[in-house]
Amino acid sequence: MSPIKTLRRHRVAALLGAALIVSPFALPLAPRLNDVLAATVTPPVTGMTAPSGSFAPVVAADKPAVVTITTVMEAQQPDTTSDASPFGGTSPFDDYFRHFFDDQGQPAPKTPPEQAPRAEALGSGFVVGADGTIVTNNHVVDGAQSIRVTLDDGTELPAKLIGHDAKNDLAVLRVKAGKPLPTVKWGDSDKLMPGDQVLAFGNPFGLGTTVTAGIVSARGRDLHSGPFDDFIQIDAPINRGNSGGPLTDVNGNVVGINTAIFSPNGGSVGVGFAIPSDQAQKVVAKLMKGGSIQYGYLGVQIQPVTPDMASAIGLDHPAGVLVAQVSDGSPAAKAGIETGDVITSFAGQDIKDPRGLSRAVADVAPGTTETLDVWRKGQSQQISVEVGRNEDDMATGSVTGDQHQPSTEQGLRAPALGLGLMDVTPDVRQAMNLAGNQHGALVERVDPNKAASASGIQPGDIIVTVDQHPVRSARQANQAIVQAAKSGKKSVLLLVERGDAQMFVAVPFASG
């Protein structure tokens with residue numbers, strides 16, 4: 001029997017959550033997964049230069065500061081009664097997750113709670129303070145009853161959890177070694193560019209501290225694991241047990257924290273993800289001081305501004321984020337932010353996309369008053385807002401997902417879009433369980449060969465505004481669409497209500 005199989009048998013709980021696609025290179029069992037890959041490359045500034053020879057000097061300098069983290073927790077029973085994925089049932093990689101967590105695609109046998117063994121899980125970390133301050137992933141220590149740290153020289157020490165933050169998947173530990181410990185320095189992840197060489201340290205499969213080399217494959221990856229995803233994608237092999245280990249540049253400075261992999265087979269396939277050091281360092285500093293983090297909160301549902309949307313609302317180019325909905329009683333509502341506003345800057349920082357706004361607001365202490373710039377009905381204006389406190393796991397500004405929408409009206413059809421609209425009658429309100437004061441134009445049918453269908457509008461959607469003007473009936477909606485076409489616009493901006501969510505959809509007019 002190979003050493004790896006032996007290790008797997010004795011640490012089955014540790015290995016079974018420690019490395020599949022997303023946070024768990026160190027977790028026991030399936031519960032704590034956050035992943036899936038989705039993209040946007042953020043081009044940073046300057047690049048690293050590869051060393052002319054061996055990486056041995058870097059490894060010799062950094063390896064003493066890399067530690068192994070062992071946690072003990074109650075084993076959790078896998079849910080074999082549900083087909084839901086760990087990511088809300090929307091992941092296109094559900095089969096990979098199921099295969100990984102039940103090992104052979106078969107339901108794991110249930111154990112009576114009183115007989116369930118305590119699970120041991122492995123992860124990695126690195127020393128940032130000579131006093132024994134250690135950084136790792138939150139998912140490595142989440143739910144742990146006890147935590148032990150093994151230093152590079154083999155010394156085992158009990159560790160105290162100083163602070164942790166699930167949204168950024170970071171945690172800070174401290175050990176008492178009785179002597180100053182070797183440390184690693186933070187580097188500047190903003191200078192990393194695709195193609196730069198990096199080294200990944202950690203303890204894969206419990207084999208011991210290991211280093212692998214690779215390059216930065218991409219920047220700005222969003223795994224949908226949290227509201228602030230901005231991962232560095234790397235091809236350096238990382239596996240189960242690598243979670244929390246440092247990713248360094250060729251100078252030995254920490255530019256990331258190894259957090260997730262994408263793997264259809266449970267092992268490394270060259271697609272790994274690390275939290276950027278510039279993001280992590282700020283969070284770690286706060287955790288070291290207070291043990292937890294309070295995030296700022298606006299209370300808006302936002303979406304990207306597409307070129308068609310920019311054209312429809314009079315912007316020269318796509319910029320900022322479009323407010324699709326404002327939560328009642330939220331800081332945004334109190335400040336006067338409205339549905340249809342485009343937020344272009346916050347606290348003096350230009351906003352390029354929804355993640356940028358979420359990150360900027362989250363970094364502001366609750367109770368702070370900040371200024372934001374908005375584009376409203378063809379004009380720019382400034383609004384002051386007192387940032388609130390995010391009391392739950394909702395994002396600072398949640399991003400609307402599905403951007404498909406509807407419209408209908410009795411006997412009327414918007415010729416350029418391919419919509420059949422009808423009024424929201426009392427019978428419609430009752431059938432769709434709508435509020436008694438609900439007005440707009442209900443999408444009854446959508447021509448599959450026209451622009452509305454291509455833009456995602458569906459039967460059953462309710463058009464609430466056309467080019468940011470409220471409509472109360474199918475006829476008003478149709479007339480407003482026709483008027484927009486006559487005005488020479490390339491597209492029309494519709495605010496669509498679908499269920500409990502609202503979203504803007506820009507539908508282009510047919511050319512010619």
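This note walks through a predicted model, point by point.

1. Start with a hairpin. Strand β6 covers residues 160-165 and strand β7 covers residues 170-174. The two run antiparallel and are joined by five bridges. Leucine 161 has leucine 173 of β7 as its bridge partner.

2. Look next at the turn of this hairpin. Four residues lie between β6 and β7. Aspartate 169 takes a positive phi there, near 55°.

3. Stay with β7 for a salt bridge. The side chain of arginine 174 meets that of aspartate 131, at 3.8 Å from N to O. Arginine 174 lies in β7, while aspartate 131 sits in the loop between β2 (118-129) and β3 (133-136), so the pair ties together parts that are 43 residues apart in sequence. Both ends are partly exposed: arginine 174 has a relative accessible area of 28%, and aspartate 131 has one of 48%.

4. A second salt bridge joins two loops. The side chains of lysine 179 and aspartate 153 meet at 3.8 Å, N to O. Lysine 179 belongs to the loop between β7 and β8 (197-202), and aspartate 153 to the loop between β4 (146-150) and β5 (156-158). These distant parts of the chain are 26 residues apart. Is each end buried or exposed? Lysine 179 is partly exposed, with a relative accessible area of 48%. Aspartate 153 is exposed, at 51%; the cut-off for exposed is over 50%.

5. A third salt bridge involves a helix. Arginine 355 and aspartate 230 meet through their side chains, at 3.9 Å from N to O. Arginine 355 is in helix α9 (residues 354-362) and aspartate 230 is in the loop between β9 (210-221) and β10 (231-234), so this pair ties together parts that are 125 residues apart in sequence. Aspartate 230 is partly exposed, with a relative accessible area of 29%.

6. How many salt bridges does a search of the whole structure find? The count is 10. Elsewhere in the chain, Glu338, Asp341 and Arg376 are linked in a network of salt bridges.

7. Now the interior. The largest nonpolar core has 37 residues. Ile69, Val149 and Leu173 have the most contacts inside this core. Leu173 is also the residue that partners leucine 161 in the hairpin.

8. Take isoleucine 69 as a way into the packing. Leaving aside residues up to four places away in sequence, isoleucine 69 touches Val149 and Leu173. Other residues it touches include Ala121, Leu122, Thr136, Val140, Val141 and Ile147. Arg148 is among its contacts too.

9. The structure has another core, lying apart from the largest one. This other core has 23 residues, among them Ala441, Ala452, Val492 and Phe509.

10. Return to α9. This helix is mostly covered, with seven of its nine residues buried. The buried residues are Pro354, Leu357, Ser358, Arg359, Ala360, Val361 and Ala362.

11. Finish with helix α6, residues 277-290. Its 14 residues reach 20 Å from first C-alpha to last, close to the 20 Å expected at 1.5 Å a residue. Buried in α6 are Ser277, Asp278, Gln279, Ala280, Val283, Val284 and Leu287. What covers these buried residues? The cover includes both hairpin strands, β6 and β7, along with β3, β12 (254-261) and β13 (272-276). Helix α9 is part of the cover as well.

Notes:
Residues numbered from 1 in each chain as written. Predicted model: local features only at pLDDT ≥ 70, side-chain atom pairs only at ≥ 80, totals over all residues. Heavy atoms only, no water. Pairing = 2+ DSSP bridges. Salt bridge = Lys/Arg side-chain N within 4 Å of Asp/Glu carboxyl O. Buried < 20%, exposed > 50% of the residue type's maximum accessible area, 1.4 Å probe, protein only. Core = buried A, V, L, I, M, F, W, Y, C linked by side-chain atoms within 4.5 Å. Contact = heavy atoms within 4.5 Å. Expected span 1.5 Å × (residues − 1).
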